[in-house]
Amino acid sequence: MTYKGRIVSAVALITLALGLTACNDGEDAASAQDSPSASDPASSDPGSKSPSADPSDDAAAPAGGDVAAPGTKFKIGDRAVLPFKYGTEKKGTVAVTVTAIEKGAEADMAAFGSKAKGMTPYYIRMKVENVGGTDLSYASLRLRGKLEGGGPTGVILVGDLPGKCDSETAPRDFTTKGASYETCSLSATKTGPITVASFEEGDAYSGSPVLWTS
């Protein structure tokens with residue numbers, strides 16, 4: 001299995017590809033190289049390569065509370081019901097509970113190479129529930145980290161840090177009401193701390209995201 005990721009600096013417009021150990025080559029050291037065409041992280045689940053979630057279309061009716069309006073603010077630990085669309089066919093309603101925003105160590109970013117020097121990672125941990133009971137197997141949901149007050153970090157990360165922040169796709173049985181799984185979104189900053197998690201998928205939320213703050 002090969003894990004890939006990339007870092008894009010909003011200031012320097014730098015793209016960095018991360019190539020982690022392949023399960024079949026016996027290597028155990030992470031390596032990094034410049035690659036403008038780096039792809040998103042690979043997954044063993046065949047359905048995980050679908051396009052990003054886009055809840056701009058109507059989703060299934062909520063069955064676990066009112067859908068959060070764009071711009072709604074929550075506290076860490078609060079549960080937000082959200083419309084969700086993944087790819088061209090899968091859509092429904094999910095509930096997201098951000099359980100923690102954890103600060104990592106700069107050393108955790110070593111696998112991303114020298115261009116990650118000075119970046120501090122943050123791990124946005126969450127629980128995702130299937131509220132509408134539709135088939136959302138193998139879908140993935142990502143939250144973005146924001147600075148205090150909701151400002152951008154200046155860094156876009158694609159990928160994860162295995163063992164520290166694993167970006168999980170929904171399991172195969174994520175098809176019924178009440179099904180749930182846990183996942184983590186990786187963010188990083190060179191400036192102030194990340195204290196906000198942001199859901200901004202789809203037209204309705206891209207300009208007015210749902211936020212969780214400490």
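1. Buried residues make up 42% of the 214 residues in the chain. The model under review is a predicted one, and every remark below should be read on that basis. The solvent-exposed surface comes to about 10,500 Å², of which carbon and sulfur atoms supply 48%.

2. As to secondary structure, the chain holds 1 helix and 12 strands. Read from the N terminus, the order of elements is β-β-β-β-β-β-β-β-β-β-β-α-β. Among contacts with a separation of 6 or more, 68% are made by residues 24 or more positions apart.

3. An open sheet deserves attention. It is built from 4 strands in the order 5-6-7-10, with antiparallel pairing. Strand 5 and strand 10 (180-189) occupy the edges; each has a single partner strand, so one side of each lacks a neighbour in the sheet. On average, and ignoring direction, neighbouring strands of this sheet are turned by 40° against each other.

4. Within that sheet, strand 5 (residues 79-86) and strand 6 (residues 90-103) run antiparallel and are joined by 8 bridges. The two strands form a hairpin with 3 residues between them. In the turn, G87 has a positive phi of about 70°. Across this pair, V81 stands opposite A95 of strand 6.

5. Strand 6 also pairs with strand 7 (residues 120-130), in the antiparallel sense and over 9 bridges. Two bridge partners can be named for this pairing: A95 is matched with E129 of strand 7, and E102 with Y123 of strand 7. A95 therefore links the two pairings at the level of single residues, being the residue opposite V81 and the bridge partner of E129. As a general point, side chains in a regular strand alternate between the two faces of the sheet.6. The largest nonpolar core has 25 residues, and those touching the most other members are L82, L141, L143 and W212. At least two residues of this core come from each of strand 5, strand 6, strand 7, strand 11 and strand 12 (210-213). Strand 5 gives the most, with 4 residues. A second, separate core comprises 12 residues, including M109, A116, V155 and L161.

7. T195 is a useful residue to inspect in the viewer. T195 belongs to strand 11 (residues 194-199). Which residues does T195 contact, leaving aside its neighbours within four places in sequence? They are I101, K146, L147, E148, W212, T213 and S214. For E148, a specific approach can be given: the side chain of T195 reaches the backbone nitrogen of E148 at 3.4 Å. W212, another of these contacts, is also one of the residues touching the most other members of the largest nonpolar core.

8. The helix should be considered last. Helix 1 spans residues 203-206 and contains A204. Is A204 buried or exposed? Its relative accessibility is 41%, so A204 counts as partly exposed. Although A204 and P83 are 121 residues apart along the chain, their C-alpha atoms are separated by 9.9 Å.

Definitions and conventions
Residues are numbered from 1 along each chain as its sequence is written. This is a predicted model: local features need pLDDT of at least 70, side-chain atom pairs count only at pLDDT 80 or more; totals for chains, interfaces and linings use all residues. Side-chain values use heavy atoms; hydrogens and water are left out. A polar contact is a pair of N or O atoms within 3.5 Å; within protein, one must be able to donate a hydrogen and the other to accept it, and residues adjacent in sequence count only if both atoms are side-chain atoms. Contact means heavy atoms within 4.5 Å. Two strands pair if DSSP finds at least two bridges between them. Axes are lines fitted to C-alpha atoms, for helices over the stretch in contact, and angles run from 0 to 180 degrees between N-to-C directions. Buried means under 20% relative accessible area, exposed over 50%, partly exposed in between (1.4 Å probe, protein chains only). A nonpolar core is a set of buried Ala, Val, Leu, Ile, Met, Phe, Trp, Tyr and Cys residues joined through side-chain atoms within 4.5 Å. Accessible areas come from the Shrake-Rupley method with a 1.4 Å probe; for residues, only the protein chains shown count as cover.
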